[in-house]
Structure formats: structure tokens, C-alpha cells
Amino acid sequence: MSYKIPMGPYHPALEEPYKLDMICEGETVIDAKLSIGFNFRGIEHLAETRNHIQVIALMERVCGICSNIHTLTLCSAMEGLTGLTPPPRAQYIRVIMAELERLHSHVLWAGIAAKLMGFKTMFMTCFELREKVMDVLQAISGNRVNYSMNRIGGVNRDITDPASILKMVEALELEMGRTVIPIFTTSRTARSRCAGVGVLTNEKAVGMGIVGPVARASGVPQDLRRAAPYAAYAEMEFDVPVQPAGDVTARLLVRALEIMESCKILRQALSKLPPGEIATEGEKFAFTTGTATARVEAPRGEVMYSVSWKEGSRNPARVHVRTPTFAVMPAIRWMIKGARLADTPLIQASIDPCYSCTDR
Amino acid sequence: MISLENIPAQLGTTEPWIEKGGVHWLTLGAMNVRQLATAMNGLHARFITITAYQLPKEEGFRLEYHWDLDGQLLGFPFVLQGKSIESIFDLCEAVDWIEREIHEEYSLDFTGREYEPLLLRQGDTTGVNLRDAVAAGSAVAASDAVAASQEKK
């Protein structure tokens, strides 16, 4: 006999509100239905009432974890409408901020995943490391969450002492390599909780248009930093980790390896940081009528902004945001079909969902 | 990188790609959105999203469908005369949530599919992003007042 278990919208196993109605038989989940919208703020519509400066501050608040990525994508799209091109130093700083944000996001996720596995000492280790990443972000931007780094035509703050930031990154890389990566890749606790759990097949990942680490953990080798490079990514050497299994272990491995790749990119960007301006200072600009679109590889996958403007208007005519969790979250239904009920919190967490991004 | 050159002919149009604002745009002639989705499946393109625009006055809506083909962003605009368009959900599973979101935000109907509420809760009405509907709300009226005062300055 089947029975229904609701999880959420407010539940200890969920970091943010969403609802999962699961149909179970015994301990096995047969099907599930997802409900979102508990955080719906109408930000896209609100953007139409903001000018080109205010809209950056607004869109930075779509997400509390990848806030920098939202302004990077928005500013890239608005640069397409104004004809401004950020100078090379600004492009490098954008790469540095994006990779630090990826590090912070992946380590935060690793901590939450560890907690859900019942591995609480690992949770504490990950959050200690995350604090160190946050310290680097704060050293650069002066802020810990909304960094206010991006502007149309460049960035707001320079990295005046890349050598000191490089030292912090090297220390981080050492600790990641010594603690997080070996434990997640070799520990029996991690393997026993994650191997073969919450499988998303390659066929399903392709069919559902899944993006980011979840796609790469199902054998889909897509990464916009490689396929459609933006900022200074074309000048960086890095690998795109791909795992074929599609289970929680594969997602864990992809993110663990991406942490090391981010450190690799950071070392290159900090050591090759070109001299010069950080923004197109003093250059007057005006918006032309039209739509510009920009895409960026956020920690959770592809973010896309379409921005429409009418010449002479103070505000955008339309701002549309496609966030990665919006693309990935429907896959939870397929991941938990056939899973044990006790594994569902870990499975839904394994996509590193951001409901704030999803609801916008 | 996959060449886009031969794709217009496969889609039955003689129009060229126009690269603008980071997107390769193609205006389709007689091809409808379902035929487009089938063709994109054949090319193994990845569906990204649909962007809905409410056109000024009573001109209706424009929907822009986006796919990724080997890192290239493709865009196909469709202007709706009425308030409905055929759903491609049965051809492209990735479209599910965005069709539901646009239905709720703009009251557009994607025909040939069933909906379950996505963002809205019981008692809410669709069309939350429609300009005329929202203009009646006090929150946006307040924002308009702020914008008007800025215009005066």
C-alpha cells in the first residue's frame, strides 16, 4: 500500500523552502512532486522599475551565494547594449571573483552534504575552510556576501596586492588537497552514503537540459568557461572534470575536482594579472534599443540574462534570468524515484539547489 | 565547433543568421515552434529557456526560444497574435517549468499540455508580470511615483 510523505516547505532537511510530496511504498520512493515559489519575489518585474545602477544592486540579491555571478552576467549583457568593453585587468578580476565564489559555494555545499551524510566533523572542517575563502573575498571586496564588484564596463575595486591573495589561495589549496578532497574521494562514510544513490542517467540529463556539476556528474562535458569563454577564461588553462556514474558520489567527485581546478585558475589569474585600468573610467555611454544576452558558468551551472532596453529610457524594458537550479531542480523527481526515503535529503542536496535563485 | 551555416536550410528558411547581442538569431518563416523543437532535437541542441515579452499597447507578446548548440547561443523569436502557442513539452522535457512560469506570469496558454501550479499558490491569479495588471497594485504604483520624481530631477 502506498502512502504520501510531504517534505517541506519548511523542514530540517531543507536549507530553503520548497516542497517535495513523495509517494512511497514501504521505504521506497515511487514518485514525487515538487512545488516551488515560496520565495517568489517578482525580481524580474521589479528590475523594470530600476535604473542601470540600481538594477545591479537589485540583481546581486537574487542569490546570497553566487551574488557576484548575477552582477557579472547582468553587466556583461548591459555592456552588449552600451558598447563598453571592460579593460583586461577588469576581466581578470572578474575571473578571480568568479572562481573564489565557486570555491566558497562548493565548500559550503561540501559541508552541508557532509552534515546530511552524518559526517559532522567534516561539516565543521568545510565551514572552517569556507571562512578562509570568505576572508579572501572580504579582503578584495570589503564584503562577505554582496561584493558589489561588477559595474558596466569593469569592476569597482582593484586587487592591489595579488601576491598576498595568491598566498591565501595557496594555503587554501593545500588544506583542500590535504583534507576535503581525500576524505570525499576515499572515505568509507562518504562512499557508503553516496555510491549508487540518486542516479541521473546521461540520457535523462541530456533530455532535461541539465547544467553545471550535476550534468558533468552524469557524463555531459559542458562548461561555458570552455565552450563559450567570457571575461578572461580563454587565457586560462584548466580541466573540466566529468564523471559518468550520475550518482551522488559522482556529484561529490565533480565538485571536489572543480575545487582544485578553481585553485589552478586562481593561481594563473593572480600571477598574470595585467596592469592598467579596472573600468572604462570617464567614458560616456548610452543604451541602444535592443536585447543583449550573456551567459556565465556559475557554481551550479549556466546563468543566462536577457536584458532589453529602449534608447533614452532610464530603466530596462525587460530583464529575464534563467538560473541553473531552475534547469536542474526538476531532475530531483527522477533522482529520487526508487530511492530509499532516508536518502532523499542527501539526494536533493546533491544538486546543490538554490531556491532563492529559482524563485527569483 | 558545429557550423550554423546549413541550419537555416534544414529549418526551411532562406533568412541568414543575425548575430546580435550575444545571440545567433534566426527568423523562421512558416515553421512553427513544434517543428523547430523537433529540428533542434535532431541537431542535439540543448534547450535553455524561453523569454517572454509583453509588447506595447495591444500588440500581444513575443516569445524568444533559446537553445545552445556546441557553445553557440541560438535564438528564435515568435510573435503571438493571441494569448496562446503550442506547447513543446512532449518534445522537450526541459521546457516544462519555463512554460508553466510564463503561463503564471503572463497568462499565456501553452496548448496541448496540462499545468500544475509552479510559483503560484492556491487563490493566486495568473498574470503577475503583466504591466496593466501590476499597474493596478499599490507597490508598483509607489515605484512609478519614485521613477516620476527622479524624472523631474
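The following exchange concerns a predicted model and the grounds on which its helices, sheets and chain contact are described.

Colleague: What makes chain A as compact as a globular protein of its length?

Modeller: The radius of gyration of chain A is 20 Å, and the globule rule gives 21 Å for 360 residues. The two values are close, so chain A is as compact as a globular protein of that length. Along the principal axes, its C-alpha atoms fill a box of roughly 70 × 45 × 30 Å. Chain A contains 15 helices and 8 strands.

Colleague: Why are H4(A) and H5(A) called roughly antiparallel?

Modeller: Helix H4 of chain A spans residues 88–117 and helix H5 of chain A spans residues 120–141. Their axes cross at roughly 165° and come within 8 Å. Angles over 145 degrees count as roughly antiparallel, and H4(A) is therefore roughly antiparallel to H5(A). The crossing of this pair is left-handed.

Colleague: What makes the contact of H4(A) with H5(A) a matter of nonpolar, polar or charged residues?

Modeller: The residues of this contact divide into 15 nonpolar, 2 polar and 3 charged. Among them on the H4(A) side are A:Leu100, A:Leu103, A:Val107 and A:Lys115. The H5(A) side includes A:Phe123, A:Phe127, A:Arg130 and A:Leu137.

Colleague: How do you know that H5(A) is roughly antiparallel to H6(A)?

Modeller: Helix H6 of chain A covers residues 162–186, and H5(A) packs with H6(A) at an angle of about 165°. Set against the limit of over 145 degrees, that angle makes H5(A) roughly antiparallel to H6(A). The axes of H5(A) and H6(A) are 11 Å apart, and the crossing is left-handed.

Colleague: Which residues make the contact of H5(A) with H6(A)?

Modeller: H5(A) contributes, among others, A:Met122, A:Cys126, A:Val133 and A:Ile140. From H6(A) come residues including A:Ile165, A:Leu172, A:Glu175 and A:Ile183. By class, the contact has 14 nonpolar, 2 polar and 2 charged residues.

Colleague: Why is the pair H4(A) and H11(A) described as roughly antiparallel?

Modeller: The axes of H4(A) and helix H11 of chain A, residues 248–271, cross at roughly 155°. That label requires an angle over 145 degrees, and H4(A) and H11(A) are therefore roughly antiparallel to each other. Their axes come within 9 Å, and the crossing is left-handed. A:Tyr92, A:Ile96, A:Leu103 and A:Trp109 are among the H4(A) residues in this contact. They belong to a set that meets H11(A) residues including A:Leu252, A:Ile259 and A:Leu266. The residues of this contact divide into 15 nonpolar, 2 polar and 4 charged.

Colleague: What makes S1 and S3 the edge strands of the open sheet in chain A?

Modeller: The sheet has 3 strands in the order S1-S2-S3, with antiparallel pairing. Strand S1 (2–7) and strand S3 (28–35) of chain A each pair on one side only. From one strand to the next, the twist averages 20°.

Colleague: How do you know that S1(A) and S2(A) pair?

Modeller: Two strands pair if there are at least two bridges between them. S1(A) and strand S2 of chain A, residues 19–25, are joined in the antiparallel sense over 6 bridges. One bridge partner in S2(A) is A:Asp21, which faces A:Pro6 in that role.

Colleague: Why are S1 and S3 of chain B placed at the edges of their sheet?

Modeller: The open sheet of chain B has 5 strands in the order S1-S2-S5-S4-S3, and its pairing is mixed. Strand S1 (18–20) and strand S3 (46–54) of chain B each have a single partner strand, so one side of each is left without a neighbour in the sheet. Neighbouring strands are turned by 30° against each other on average, direction ignored. Helix H3 of chain B, residues 96–106, packs on this sheet and touches S3 and S4 of chain B. The direction of H3 makes about 10° with that of S3(B).

Colleague: How do you know that S4(B) and S5(B) pair?

Modeller: The requirement is at least two bridges, and 9 bridges join strand S4 (residues 61–69) to strand S5 (residues 72–80) of chain B. These strands run antiparallel. The bridge partner of B:His66 in S5(B) is B:Gly75.

Colleague: What makes up the contact of chain A with chain B?

Modeller: The contact takes 29 residues from chain A and 27 residues from chain B. On the chain A side, the elements giving two or more residues include helix H1 (43–47), strand S6 (290–298) and helix H12 (324–328). S6(A) supplies the largest share, 6 residues. By class, the chain A side has 11 nonpolar, 13 polar and 5 charged residues.

Notes: Residues numbered from 1 in each chain as written. Chains lettered and ligands numbered in written order. Predicted model: local features only at pLDDT ≥ 70, side-chain atom pairs only at ≥ 80, totals over all residues. Axes fitted to C-alpha atoms, helices over the stretch in contact; angles between N-to-C directions. Helix = DSSP H or I, 4+ residues; strand = E, 2+ residues; numbered from the N terminus. Parallel < 35°, antiparallel > 145°, perpendicular 65-115°, else oblique. Left-handed = near helix turned anticlockwise from the far one by under 90°. Contact = placed C-beta atoms within 7 Å. Nonpolar A, V, L, I, M, F, W, Y, C, P; charged D, E, K, R; others polar. Rg over C-alpha atoms; globule rule 2.2 N^0.38 Å.
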